Amino acid sequence: MKKNILILLLLVFSTCFFAQGELSCEVKINYSQIQGSTNKQIFDQLEKSIFEFMNNNNKWTSNVYTMQEKIECQVFITVNQAISTDEYSGSIQVIATRPVYKSGYKSQILNVQDDYFQFKFQQFTTLDFNLNKFDNNLTSVLAYYAYVILATDADSFAPLGGTEYWQKAQVIVQNAQGASENGWQSSQQGQKNRYWLVENTLQPVFKGIRDCLYEYSRNGLDIMYEKPDEGRANIQKALELLKPVYRSRPASYNMQLFFNAKMDELINIYKGSNVPPEEKTKALETLTTIDPANTTRYSKIQG
């Protein structure tokens, strides 16, 4: 009897401590632009289905994640148009953060706004995904961004650590080449789409962005709680890794996404009164060189 109780307690403990899924994903859908009495039920169901799809119904990796290790992320969907009774178009924003060592701070590592999101959904539909084929745009887009989240997070913890997940995202892109929906092909939306995000990331010319994210995160932010001066110095070194990328591919989509996630954080790191003036100046010069579109915002560093 005691043995059975012990086994039961261990099972309960393991279920609580090791939960299926790698993501802790918040899902919100804004459908205020769509009129109709049945919309609330449909979109509430869609929100729940996406939550289960991202968090519980798929095992995205072969790794075991504890509750504390799950990657915190958010999926915000805005539905702009009802194309038919079960087809919609709008946008999807995906944000992900990582914890900073020995602090309660969460650093944003991904912030992508995808304005080419078209999908079909009927109430009580089950969302299924198969990596080896394109079934529908909704699950393919969601799975694509699940792997982008995993890849970006892994890149922040180990040099090129997310390659496996970037490659899986690329498989989804390849499978979607015959899709009628936008965002999957090299010729669509210039170079700001799902195709080019992963294609660029896996090219050697963009390696500096991934190297920067690792150095910035592990040797910069993760030591700042105990060694703030050294942490800032290492972040400055990490930013230098972006200069060759900018020279080769100025204003690239991947560089824009890096600064979408990091710009406000960088301003806050260097504008503090504890930062020496010469350090502020150097950071400002670097940032305005590699991200000139946001020069005005970086001026806050000098106060």
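These legends accompany five close-up views of a predicted model.

**View 1. The largest pocket and the residues around its centre.**
Welcome to the largest pocket, which has a volume of about 320 Å³. Its lining is made of 19 residues, and those closest to the centre are Tyr65, Glu69, Lys70, Ile71 and Asp153. Three elements each give two or more residues to this lining: strand E2 (71–82), strand E3 (87–99) and helix H3 (137–157). Helix H3 supplies the largest share, with four residues. If you like to think in terms of chemistry, the lining of the largest pocket counts eight nonpolar, six charged and five polar residues.

**View 2. The second largest pocket, with helix H9 in its lining.**
Here the space amounts to about 240 Å³. Fourteen residues line this second largest pocket, and Gln256, Phe259, Asp291, Ala293 and Asn294 are the closest to its centre. Helix H9 (residues 253–270) gives the most to the lining, contributing six residues. Sorted by class, the residues lining the second largest pocket are eight nonpolar, three polar and three charged.

**View 3. Cysteines without a disulfide.**
Looking for disulfides? How many does the structure hold? The count is zero. As a reminder, a disulfide is a covalent bond between the sulfur atoms of two cysteines. For Cys73, the closest cysteine sulfur belongs to Cys25 and lies 3.8 Å away, which is too far for a bond, because a disulfide needs the two sulfur atoms within 2.5 Å. Cys73 is buried, with a relative accessible area of 4%. Cys212 is also in this view; Cys212 is buried, with a relative accessible area of 0%.

**View 4. Phe124, a residue with a positive phi.**
Most residues other than glycine have a negative phi. Phe124 is not a glycine, yet its phi is positive, at about 75°. Where along the chain is the place of Phe124? Phe124 sits in the loop that runs between strand E4 (106–120) and helix H3. Is Phe124 buried or exposed? Its relative accessible area is 67%, so Phe124 counts as exposed.

**View 5. Ala251, with a positive phi in a loop before helix H9.**
Ala251 has a positive phi of about 60°, although Ala251 is not a glycine. This residue is found in the loop between helix H8 (243–248) and helix H9. With a relative accessible area of 56%, Ala251 is exposed. Helix H9, at the end of this loop, is the helix that gives the most to the lining of the second largest pocket.

Terms used. Residues are numbered from 1 along each chain as its sequence is written. This is a predicted model: local features need pLDDT of at least 70, side-chain atom pairs count only at pLDDT 80 or more; totals for chains, interfaces and linings use all residues. Side-chain values use heavy atoms; hydrogens and water are left out. On a 1 Å grid over the protein atoms alone, a cavity is a set of points where a 1.4 Å probe fits but cannot get out, and a pocket is an open set with protein on both sides within 12 Å along at least five of seven lines; lining residues have an atom within 4 Å of a point. Grid points are joined across faces, edges and corners, and a volume is the space filled by probe spheres set on the points. Ala, Val, Leu, Ile, Met, Phe, Trp, Tyr, Cys and Pro count as nonpolar, Asp, Glu, Lys and Arg as charged, and the others, Gly among them, as polar. Buried means under 20% relative accessible area, exposed over 50%, partly exposed in between (1.4 Å probe, protein chains only).
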